[in-house]
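Reader: Please give me a close look at one part of this model, chosen by you. Once that is done, go on to a few other places worth checking, in plain terms.

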Amino acid sequence: MEENGKDSGVVAMAACYQGFDPAAYLQYNYTPPRADFERTDSIVPWKLACLHRAFTEGDVSGELLVDIGSGPTLYQVLSGCEVFKKVLLTDFLEVNRQELRRWLQDEGGCNMDWTPYLQHVCKLEGRRPSEWTEKAAKLRQVITDVLPVDIHLPQPMASGALPSAGADCLVSCFCLEAASPDLAAFTKALGHIKRLLRPGGHLLLIGALGESYYFGGPGVKIPVVPLNEEQVCASLKETGFTLIRLEVYTLPQDMRVGVDDVTGVFFVKAKKE
Ligand SMILES: C[S@@+](CC[C@H](N)C(=O)[O-])C[C@H]1O[C@@H](n2cnc3c(N)ncnc32)[C@H](O)[C@@H]1O
Ligand SMILES: O=[N+]([O-])c1ccc2c(c1)CN[C@@H](CO)C2
């Protein structure tokens, strides 16, 4: 711990993110092959299927869904937007919050066309893919804000950002392990975000397995806490979450495209008792 009370590893992680490039990040991870809706073994369709099932199997409900560490993406809430009246997106970087606001304001200038994602989730919902325009409108209606967040603070969001009882559901994808200097900080951050969730609320957590770095832009190499399934389960247990389901995706060789050294992806559905 440094004299100003900030952990040096956390300060170093924040410095790594100063070069983060939303457009490059989207290009690296959210275009084919990693986002190929014609391939059953592509990563993004697998994530969307996990999220769709988790949001629609009947035990998740309430008013408010909060996505922690949204980055420049909103695939995380494409299913949740049909279940919750209000959705908040959050990120540490203004460049990412701006990217999300550009899409929400629908005034052009976005670095991403989410149409194939909207169409794919409509299909998962048994709707015609052409209903993607209704889903886009629903998203723009329920996502009421894009707010700052810092998972390393005991109170990750500004006081008053959430109702005193907390959110009814949290989703967080590739954030904690990619923003933490080590496993202890990862686990501590999990405890911090748990405080944003009401008792009985659910956490849907997606993350990288076996990853030690990723590129957040050209030449922007960001260290990642390499996790295995046992460590994920141990951190959830240590922070008092009840594990409901853990699913694991192992990357086929052609999904390893040089933008990181990730070997697998985990999906966790857990509950705060
Ligand atoms: C790998 S990206 C994940 C983006 C997106 N959720 C996804 O699924 O692709 C990691 C995100 O964590 C954010 N981040 C970095 N440090 C953070 C912190 N201290 N608290 C919260 N988020 C942080 C970054 O700004 C970035 O958007
Ligand atoms: O394949 N994907 O869908 C995908 C999406 C985002 C990310 C990864 C893979 C792996 N690296 C993480 C950063 O730690 C970010």
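Author: A strand here is a DSSP run of type E with at least two residues, and strands are numbered from the N terminus. The model is predicted. By that definition Asp67 belongs to strand S1, which covers residues 64-68. Asp67 is the part to look at closely.

What does the side chain of Asp67 have for a partner, given that Asp67 is buried yet has no salt bridge? The nearest side chain of opposite charge is that of Lys47, and it is 10 Å away. A salt bridge would need a side-chain nitrogen of Lys or Arg within 4 Å of a carboxyl oxygen. There is a polar contact instead: the side chains of Asp67 and Gln76 are joined at 2.9 Å. Gln76 is also among the residues that Asp67 touches, leaving aside those up to four places away in sequence. Val77, Leu88, Leu89 and Thr90 are on that list too, as are Val171, Ser172 and Cys173.

Helix H1, residues 8-16, can be read in a similar way. At its start, a side-chain oxygen of Asp7 comes to within 2.6 Å of the backbone nitrogen of Gly9. Gly9, Val10 and Met13 are the buried residues of H1. They lie on the same side of the helix, because the arc they cover around the axis is only 100 degrees. Their cover includes helix H7 (176-179) and strand S7 (221-223).

Met13 shows this cover at the level of one residue. Its relative accessibility is 5%, so Met13 counts as buried. Beyond four places in sequence, Met13 touches Ala178, Ala179, Ser180 and Pro181, together with Ile222 and Pro223. Met13 and Ala178 are 165 residues apart in sequence, but their C-alpha atoms are 8.8 Å apart in space.

The cysteines come last. Searching the whole structure gives zero disulfides. For Cys16, the nearest cysteine sulfur is that of Cys175, 14 Å away. Cys16 has 24% relative accessibility and therefore counts as partly exposed. Cys122, by contrast, counts as buried, because its relative accessibility is 0%. Why does Cys122 have no bond to Cys81, which holds the closest cysteine sulfur? The two sulfurs are 9.0 Å apart, which is too far for a bond; the cut-off for a disulfide is 2.5 Å.

Technical notes:
Residues numbered from 1 in each chain as written. Chains lettered and ligands numbered in written order. Predicted model: local features only at pLDDT ≥ 70, side-chain atom pairs only at ≥ 80, totals over all residues. Heavy atoms only, no water. Buried < 20%, exposed > 50% of the residue type's maximum accessible area, 1.4 Å probe, protein only. Helix = DSSP H or I, 4+ residues; strand = E, 2+ residues; numbered from the N terminus. Lys, Arg positive; Asp, Glu negative; His and termini not counted. Polar contact = N/O pair within 3.5 Å; in protein donor to acceptor, adjacent residues only side chain to side chain. Contact = heavy atoms within 4.5 Å. Arc of directions from axis to C-beta.
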